[in-house]
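Biologist: Please give me a close, connected account of one part of this molecule, and explain each technical term when you come to it.

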Amino acid sequence: LSYTVGVDYKINDDIMIYAKQSRGYRAGAQQLRSLTLADSTPAEPEIVNEQEIGVNTEFLDRKVRLNVAGYHNKVKDAQRSVILAIAGTSQTVLENADVETWGVEADLNIRVTQGLNIFANGSLSDPKYTKYNGFAVIGGVLTPDDKKDTRMNSIIEKQFMVGMNYEQE
């Protein structure tokens, strides 16, 4: 069952706070081409639970907008596809991992004059594997391997951007 439940409360015309809980689902998967019995085990369904809290604000006659949010999510049985060379043949192997992530993000927008906006946003994300039952090739044989301390690739943990936008007819 996937769902999203949220509540928000407007403290005044310029400040709103909110909280959200959601759950998502991704079906399990089957290894299509297996070279060994060890890698023919299907990947479990992936389930994510996420909580988020935040505040949205506007100040100075709506010329300044600041939004800040914090989040936490846990993914059970995250599906990972890893390419390994088994007995000289490259093969994609499905693996399951549990992941926990804490993060915060903020954005600021300032309307300097009619048509001129300056903005900045940034985020910090701290993802970690809490369990990762993967595989390694040892002596040409696919062997179960605890990859819990593996670094996550393709995840930007710190980012910041600043910019300006000017519009006129």
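Modeller: We can start at R62, whose place is in the loop between β3 and β4; helices (H or I, at least four residues) and strands (E, at least two) are DSSP runs, numbered from the N terminus. This is a predicted model, in which local features need pLDDT of at least 70 and side-chain atom pairs count only at pLDDT 80 or more, while totals for chains, interfaces and linings use all residues. Residues are numbered from 1 along each chain as its sequence is written, and side-chain values use heavy atoms, with hydrogens and water left out.

Although R62 is not a glycine, it has a positive phi of about 65 degrees, and R62 counts as exposed because its relative accessibility is 53%. Here buried means under 20% relative accessible area, exposed means over 50%, and partly exposed lies in between, with a 1.4 Å probe and protein chains only. D77, which is found in strand β4, also is not a glycine and has a positive phi, of about 60 degrees, but D77 counts as buried because its relative accessibility is 10%.

On the other side of the loop, strand β3 covers residues 46–59 and holds E50. The side chains of E50 and K20 are joined by a polar contact of 3.2 Å, a term for a pair of N or O atoms within 3.5 Å where, within protein, one must be able to donate a hydrogen and the other to accept it, and where residues adjacent in sequence count only if both atoms are side-chain atoms. If its neighbours within four places in sequence are left aside, E50 is in contact with residues including Y71, H72 and N73, contact meaning heavy atoms within 4.5 Å.

Strand β4 leads us to the largest nonpolar core, which has 12 residues, among them V75, A78, V82 and L84; such a core is a set of buried Ala, Val, Leu, Ile, Met, Phe, Trp, Tyr and Cys residues joined through side-chain atoms within 4.5 Å. The elements that give this core two or more residues are β4 (64–86), β5 (89–113) and β6 (116–138), and its largest share, four residues, comes from β4. In soluble globular proteins, nonpolar side chains tend to be buried together. Y129 is one of the core residues, and, leaving aside its neighbours within four places in sequence, Y129 is in contact with A97, V99 and M152, among others.

The strands β5 and β6 pair in the antiparallel sense over 17 bridges, where two strands pair if DSSP finds at least two bridges between them. Within this pairing, the bridge partner of G103 in β6 is S125, and G103 itself is found in strand β5. G103 counts as buried because its relative accessibility is 14%, and the C-alpha atoms of G103 and E52, which are 51 residues apart along the chain, are separated by 9.4 Å. In the hairpin of β5 and β6, which has two residues between the strands, G115 takes a positive phi near 90 degrees.

Strand β6 has further partners: six bridges pair it in the antiparallel sense with strand β7 (residues 141–146), where F135 stands opposite P144, and the hairpin of β6 and β7, with two residues between the strands, has G139 at a positive phi near 60 degrees. Nine bridges join β6 to strand β8 (residues 158–166), and these two run antiparallel, with S123 opposite Q159 in β8.
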